[in-house]
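This report goes through the core, the strands around it and a few residues picked out for their surroundings or backbone geometry. The sequence and structure come next.

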Amino acid sequence: MIRITKNWAELLKDEFGKPYFKDLQNFLEGEYSRYDIYPKMENIFNALNFVKYEDVKVVIIGQDPYHEPNQAHGLAFSVQDGVPLPPSLQNIYKEIEDDLGITCEKSGDLSRWAKQGVLLLNTSLTVRRGQANSHRGKGWETFTNEIIKLLSKREKPLVFILWGSNAQSFAPEIAPQHLILKAPHPSPLSAYRGFFGCKHFSKTNNFLIEHGQTPIDWR
């Protein structure tokens, strides 16, 4: 069963009734009945379920969930506790440690960030096993875009972290009171083209402090 908290369900209720979302639901019913789809259905909206709309301080936008078993659990770039760190997450930790001079936890479960107000939102919220981008163009992008627009309406400044061209396509939706940080994706294919050394984590915390908010403990 798909689960979403009342907080976000109320904000997004109009989307759930639109034709594109009904088509997406029908598509997902078929996918989950025939294939291995990640994350589990009850975890699809975990990014939203872990942090209320009014509590979001930082938005990190990913592409789509990890597509191998036991990895994806509804938070972008995060894997469940005990699962080996995927290469992108290894690079994220490396940049955090170089940027902030701290040592990250060994666990790849980033719910510890989400509980501090970091929305870890993938562009597509589901994927077929072993097939990256397999649920692209099915309606998730429209839904994700609506979430970004809702957050952009917030008066209190947020930080939007956009890694890679996919995430950066959302930049036009973001109002000028917010901080937009752009860099290449942390994937091993692109991390050395500017992700390493981007210092997004210190820049995020400095911005939050400047605007009277508690910084994120990125460990």
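In this predicted model, the largest nonpolar core has 67 residues. Ile60, Ile92, Trp113, Leu119 and Leu151 have the most contacts inside this core. Helix α7, residues 140-152, supplies the largest share of the core, with six residues.

Leu119 illustrates how this core is put together. Beyond its neighbours within four places in sequence, Leu119 is in contact with Ala47, Leu48, Val51, Val56, Val58, Val59, Ile60, Ile147 and Leu151. Two of these partners, Ile60 and Leu151, are also listed with the most contacts inside the core.

**Strand β2 and its pairing**

β2 is mostly covered, as five of its five residues are buried. Side chains in a regular strand alternate between the two faces of the sheet. In β2, Val58, Ile60 and Gly62 are buried on one side, and Val59 and Ile61 are buried on the other, so both faces are covered. The strand runs parallel to β3 (residues 118-122) and is joined to β3 by five bridges. Within that pairing, Val59 has Leu119 as its bridge partner. β2 also pairs with β5 in the parallel sense, over four bridges, and there Ile60 is partnered with Ile161.

**Helix α9**

Seen from α9, β2 is one of several packing partners. The buried residues of this helix are His200, Phe201, Ser202, Thr204, Asn205, Phe207 and Leu208. They pack against β2, α5 (87-100), β5 (159-163) and β6. Just after the helix, Gly212 takes a positive phi of about 70 degrees.

**Lys57**

Which residue holds the nearest side chain of opposite charge to Lys57? It is Asp55, 8.9 Å away, and Lys57 has no salt bridge although it is buried. A salt bridge would need a nitrogen-to-oxygen distance within 4 Å, so Asp55 does not provide one. Instead, the Lys57 side chain reaches the backbone oxygen of Thr214 at 2.7 Å. Lys57 sits in the loop between α4 (46-49) and β2 (58-62). Apart from residues up to four places away in sequence, Lys57 touches Gln116, Gly117, Leu158, Val159, Leu208, Gln213, Thr214 and Ile216. One of these, Leu208, is among the buried residues of α9.

**Thr126**

Thr126 is found in the loop between β3 and β4. Thr126 counts as buried because its relative accessible area is 0%, under the 20% limit. Its side chain makes polar contacts with the side chains of His135, at 2.7 Å, and Trp140, at 2.8 Å. Setting aside residues up to four places away in sequence, Thr126 touches Leu28, Tyr32, Ile37, Tyr38, Pro39, Ile44, Pro65, His135 and Trp140. Tyr38 and Pro39 in this list are linked by a cis peptide bond, with omega near -5 degrees. Pro39 lies in the loop between β1 (37-38) and α4.

The side-chain polar contacts of Lys57 and Thr126 are set out below.

| Side chain | Partner | Distance |
|---|---|---|
| Lys57 | Thr214, backbone oxygen | 2.7 Å |
| Thr126 | His135, side chain | 2.7 Å |
| Thr126 | Trp140, side chain | 2.8 Å |

**The loop between β6 and α9**

Is Phe195 buried or exposed? Phe195 is buried because its relative accessibility is 0%. This residue lies in the loop between β6 (179-183) and α9 (200-210). Not counting residues up to four places away in sequence, it touches Asn91, Ile92, Glu95, Trp163, Ala183, Pro184, His185 and Pro186. Ile92 is also listed with the most contacts inside the nonpolar core. Phe195 and Gly164 are 31 residues apart in sequence, while their C-alpha atoms are 9.2 Å apart in space.

Lys199 lies in this loop between β6 and α9 as well. Its phi is near 55 degrees, a positive value in a residue other than glycine. Lys199 is partly exposed because its relative accessible area is 39%.

**Asn133**

Asn133 likewise has a positive phi, near 65 degrees, in a residue other than glycine. Asn133 is found in the loop between β4 (127-128) and α7. With a relative accessible area of 27%, Asn133 is partly exposed.

Methods: Residues numbered from 1 in each chain as written. Predicted model: local features only at pLDDT ≥ 70, side-chain atom pairs only at ≥ 80, totals over all residues. Heavy atoms only, no water. Core = buried A, V, L, I, M, F, W, Y, C linked by side-chain atoms within 4.5 Å. Buried < 20%, exposed > 50% of the residue type's maximum accessible area, 1.4 Å probe, protein only. Helix = DSSP H or I, 4+ residues; strand = E, 2+ residues; numbered from the N terminus. Contact = heavy atoms within 4.5 Å. Lys, Arg positive; Asp, Glu negative; His and termini not counted. Polar contact = N/O pair within 3.5 Å; in protein donor to acceptor, adjacent residues only side chain to side chain. Pairing = 2+ DSSP bridges.
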